[in-house]
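Let's take a walk through this one together. Have the viewer ready, and we'll go from the overall layout down to single side chains.

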Amino acid sequence: METRSFGEFLRGHRHAAGLTIEELSEASGVSARVIGDMERGHSRGPQRRTVAALADALGLAPPDREALNWAAKAGRPRLETLPGGGCELPRAVGDF
């Protein structure tokens with residue numbers, strides 16, 4: 001897959017569609033501020049339903065939709081799994 005960020009993908013598809021941020025906002029139901037934040041890289045991994053709304057509004061073909069989804073997923077922070085489950089208190093802690 002390509003290494004472009006979600007914001008780069010989004011901006012490129014928006015420009016290719018000839019839409020302003022405000023027009024994409026109106027068509028997708030995603031606020032113009034959020035779209036601008038995504039394009040500037042302040043929000044790198046939006047939720048699936050947000051990505052789907054943007055892809056629908058942009059009229060993306062399946063390969064472009066998949067690339068946009070992949071870029072969004074790649075931008076989402078991952079929780080590191082700690083040994084023992086990560087949510088458990090150390091066994092030596094008996095009380096607070």
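From the N terminus on, how do the elements of the chain run? They go α-α-α-α-α, which fits the tally of 5 helices and 0 strands. Here helices (H or I, at least four residues) and strands (E, at least two) are DSSP runs, numbered from the N terminus.

A quick word on what you're looking at: this is a predicted model, where local features need pLDDT of at least 70 and side-chain atom pairs count only at pLDDT 80 or more, while totals for chains, interfaces and linings use all residues. Residues are numbered from 1 along each chain as its sequence is written, and side-chain values use heavy atoms, with hydrogens and water left out.

Now for the chain as a whole. Of its 96 residues, 27% count as buried; buried means under 20% relative accessible area, exposed means over 50%, and partly exposed is in between (1.4 Å probe, protein chains only). The accessible surface comes to about 6800 Å², and carbon and sulfur atoms hold 52% of that; these areas come from the Shrake-Rupley method with a 1.4 Å probe, and for residues only the protein chains shown count as cover. Take the contacts (heavy atoms within 4.5 Å) between residues at least 6 apart in sequence: 63% of them join residues at least 24 apart.

A good place to zoom in is where α1 packs with helix α5 (residues 62-75), at an angle of about 150° and with the axes 8 Å apart. Axes are lines fitted to C-alpha atoms, for helices over the stretch in contact, and angles run from 0 to 180 degrees between N-to-C directions. The two helices are therefore roughly antiparallel to each other, given that angles under 35 degrees count as roughly parallel, over 145 as roughly antiparallel, 65 to 115 as roughly perpendicular and the rest as oblique. On the α1 side, F6, F9, L10 and H13 make the contact, and they meet D64, A67, L68, A71 and A72 of α5.

Next, the charged pairs. Side chains of opposite charge can pair when their charged atoms come close. Searching the whole structure turns up 4 salt bridges, each being a side-chain nitrogen of Lys or Arg within 4 Å of a carboxyl oxygen of Asp or Glu. One of them links R11 with E39, with the closest N and O atoms 3.8 Å apart. Since R11 lies in helix α1 (residues 6-17) and E39 in helix α3 (residues 32-39), this pair ties together parts that are 28 residues apart in sequence.

E39 also forms a salt bridge with R14, this time with the closest N and O atoms 2.6 Å apart. R14 is in helix α1 and E39 in helix α3, so here the tied parts are 25 residues apart in sequence. Are these side chains buried or exposed? E39, at 7% relative accessibility, counts as buried, and so does R14 at 8%, whereas R11 is partly exposed at 29%.

Elsewhere, D56 and R65 meet in a salt bridge (2.6 Å, N to O). D56 is exposed, with a relative accessible area of 52%, and R65 is partly exposed at 24%. Back with the earlier trio, shared partners join R11, R14 and E39 into one network of salt bridges.

Last stop: S25, in helix α2 (residues 21-28). S25 counts as buried at 15% relative accessibility. Leaving aside residues up to four places away in sequence, S25 touches V30, S31, A32 and I35. Its C-alpha atom is 7.2 Å from that of I35, 10 residues apart along the chain.
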